[in-house]
Amino acid sequence: MAKNKSARNKNTETKKVADLQQHTENPENEFLTTNQGLKINDNQNSLKAGDRGPSLLEDFILREKITHFDHERIPERIVHARGTGAHGFFELYESMEKYTRAGFLNDTSVKTPVFARFSTVAGSRGSTDLARDVRGFSVKFYTQEGNYDLVGNNIPVFFIQDAMKFPDLVHALKPEPHNEIPQAASAHDTFWDFISLMPESMHMVMWAMSDRAIPRSYRMMEGFGVHTFRFVNEQGKSHFVKFHWKPLLGVHSVAWDEAQNISGKDPDFHRRDLWEAIETGNFPEWELGVQLIDEKDEHKFEFDLLDPTKLIPEELVPVKIIGKLTLNRNTDNFFAETEQIAFHPGHLVPGIDFTNDPLLQGRLFSYTDTQLSRLGSPNFHEIPINRPVVDIHNNQRDGHMRQMINKGQTSYEPNTLGGGCPFQAMMKKMGGFTSFLERIDAKKIRSRSKSFTDHFGQATLFFNSQSQPEKDHIVNALRFELGKVQTPAIRQRMVNLLTQVDKGLAEQVAASLGLVAGKPEMPMNHSVPADANPKDYQPRKVKSSIESSAALSMAGTLKNSIQTRKIAILAANGVDDASLAAMKKALEAKGAQTKVIAPMLGFIKSTSGKNIAVDESFLIAASVLYDAVFIPAGAASAAALKANPDALHFINEAYKHCKAIAADAEGAEVIGESYIGMNEKDKTEAGVLSGYKSANKLAADFINAIAQHRFWEREKMRKVPA
Ligand code: HDE
């Protein structure tokens, strides 16, 4: 059976591309036409009564052009409006046949085409990439059994437990309705007002206040399916499953001050980063992992598998790596592909199924509904990017912008006039979708399960699992966010709530707000079944069965690669070209990218009289857009940089953001002139490299330092006025 599937899957990628190409346009050697194909002889002037006369209503060419333009915008996504996407493919390492009958997870010879879209949640379409926010991580798999969408986030839990609260959460998060301020930010009163009254959000709040919410790159963040789903195998046996995407470059973030700077210098930072990585052949990769839980183990954890505010620590259930996602092709047209793609957790294939997570259940309604308003028609599945690679046969007809020309007399089932087609795939071997035969024997209630009342256990687990710098960043993020809140009572409620996560954390945040953390009030705010005791539904804290979980901290992720890191080389006339070239070569050999930054664009003259092309001037460049800084040898170059405030600012800022900085020979004088030079101790600290006799050793140490990503301990030393 696997063999058959594999034969069917061959050339799938090519087929998909061809499918999309039917709708692409190549204007080479073509005349300009109207939408009716009429050739246009003048695209500069409207039709007028005389050359100084009024325009004529008759000008159908002008009217067609302007009407189309007037309707160019479609409603942006209500959440996740800001995003970017790319094409790629998914390869399976190992058959999951034992657990799921999903074809693309059974046959390792199948290469499944995908489209992935990454996004922020709160901001509008034109907002900055570097907002403190959750990131969306959506993948559409164009499988031979129809489209499968894994619509996840870069945080494994969610703010709320029930879909009923989603509109409230989003209203509280979005810009406030009276003045539409602030854009793409949670640091305002309505958000924290809501959160302070929703103790169930506390676990997700810890993640959102951590550096996970300001990723260095989409290529360096994890993805999670969040909800518990089901795998169902050929025999109808189910396993619970949690999905994980693990980036091969490790999980890395920027500093908060840096994020705010990037938002000004390059609001498209993440979008550009993904685009450039793909254009330069550095294809982003993530491995797909699954945590599998036997049906019989459903109740063995101290939390409920259906509660989306909980994760399953990897120490309790290891993540099994089963395949790899590679993004290898940028879009041809952002609107047609990234903007029009329509994800839906309900786009399933046989072998994958839902659980009764009440958040997931609500999502199953929302996504089709939102496409109707965003894309304007129930035929959104006919837009090229949304089409499955397999044929669609059903009796749905007509509607706005219908593309398919259905032939024949019948559009109903059962029928005899159409030969009974299309048939139901009733027998198992026909590959039809069947829902998992879950037994449900219950009373109808509008309430929560008692097993959902622990709101703090995993918030504490997350906090305890962080390295010291990561903990400090959470404290500072909360100080920032709550400092922006204008209503003192909201700040007080929040710091009170934080005592339930960690007393020290609450006290540190409270102190910076001039408050003292007290006892939180947490009245139970929902109804309980008539035959239940309301006391059983009080928010509470259940201690996690493990003290800390290594997988929850970013500190431990890969530290052995500088692949695709961006290194600034600061230089001026009189730079030693051998020094510059040697470091450039060493860095590029390890997959890093280098740019020469100088006072002016054009060329600089090296010591040996060579012209070296300048990539960016200090006017354009900013240290926040780079991962590390190198200053080559050359006395005249060093002297010029020492006298250049922009060069010194560049170094100070890189130092402040804890990046690796290296200088060869006289280059060290520039570091000496910067703020670092004012403190002897800092000159020799980790991540600031100078005074080397061997250029090779300097390059090797610098490469190792860049791979460490950041020297966060530097934050404790002193504040650099950058
Ligand atoms: Fe979404 N979400 N969501 N969401 N979501 C949308 O669908 C919704 C939730 C997520 O790149 C919308 O097409 C409800 C969790 C991503 O195009 C909308 C609830 C998770 C994206 C919607 C949730 C997500 C969306 C807006 C609570 C992580 C962007 C535009 C019941 C697992 C997809 C759209 C893309 C988009 C509704 C909760 C992830 C309105 C009602 C939990 C990554 O349908």
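Biologist: Which helices each supply at least two residues of the lining of the largest pocket?

Modeller: Helix H2 (12–21), helix H3 (60–70) and helix H9 (334–339) each do so. Helices (H or I, at least four residues) and strands (E, at least two) are DSSP runs, numbered from the N terminus. Please note that this is a predicted model, in which local features need pLDDT of at least 70 and side-chain atom pairs count only at pLDDT 80 or more, while totals for chains, interfaces and linings use all residues. Residues are numbered from 1 along each chain as its sequence is written, and side-chain values use heavy atoms, with hydrogens and water left out.

Biologist: And which of them gives the largest share of that lining?

Modeller: H3 does, with 6 residues.

Biologist: What counts as a pocket here?

Modeller: On a 1 Å grid over the protein atoms alone, a pocket is an open set of points with protein on both sides within 12 Å along at least five of seven lines, whereas a cavity is a set where a 1.4 Å probe fits but cannot get out; lining residues have an atom within 4 Å of a point.

Biologist: How many residues line the largest pocket, and which lie nearest its centre?

Modeller: The lining has 45 residues, and Asn35, His68, Phe335, Ala336 and Gln340 lie nearest the centre. The volume, meaning the space filled by probe spheres set on grid points joined across faces, edges and corners, is about 2000 Å³.

Biologist: What is the second largest pocket lined by?

Modeller: It is lined by 39 residues, with Glu145, Gly146, Val390, Asp391 and Ile392 nearest its centre. Helix H1 (2–9) and strand E4 (146–153) are the elements that give two or more residues to this lining. The space in this second largest pocket is about 1500 Å³.

Biologist: Changing topic, which residues are closest to the ligand?

Modeller: Arg77, Arg117, Ser366, Tyr367 and Gln371 are the closest of the 24 surrounding residues, where near means a heavy atom within 4 Å. H10 (358–374) contributes the largest share of this shell, 6 residues. Strand E3 (135–143) and E4 also supply at least two residues each.

Biologist: How far is an oxygen atom of the ligand from the side chain of Arg77?

Modeller: An N or O atom of the Arg77 side chain is 2.7 Å from a ligand oxygen atom. For Ser138, a side-chain N or O atom lies 3.4 Å from an oxygen atom of the ligand. His80 places a polar side-chain atom 3.5 Å from a ligand nitrogen atom.

Note on methods:
A polar contact is a pair of N or O atoms within 3.5 Å; within protein, one must be able to donate a hydrogen and the other to accept it, and residues adjacent in sequence count only if both atoms are side-chain atoms.
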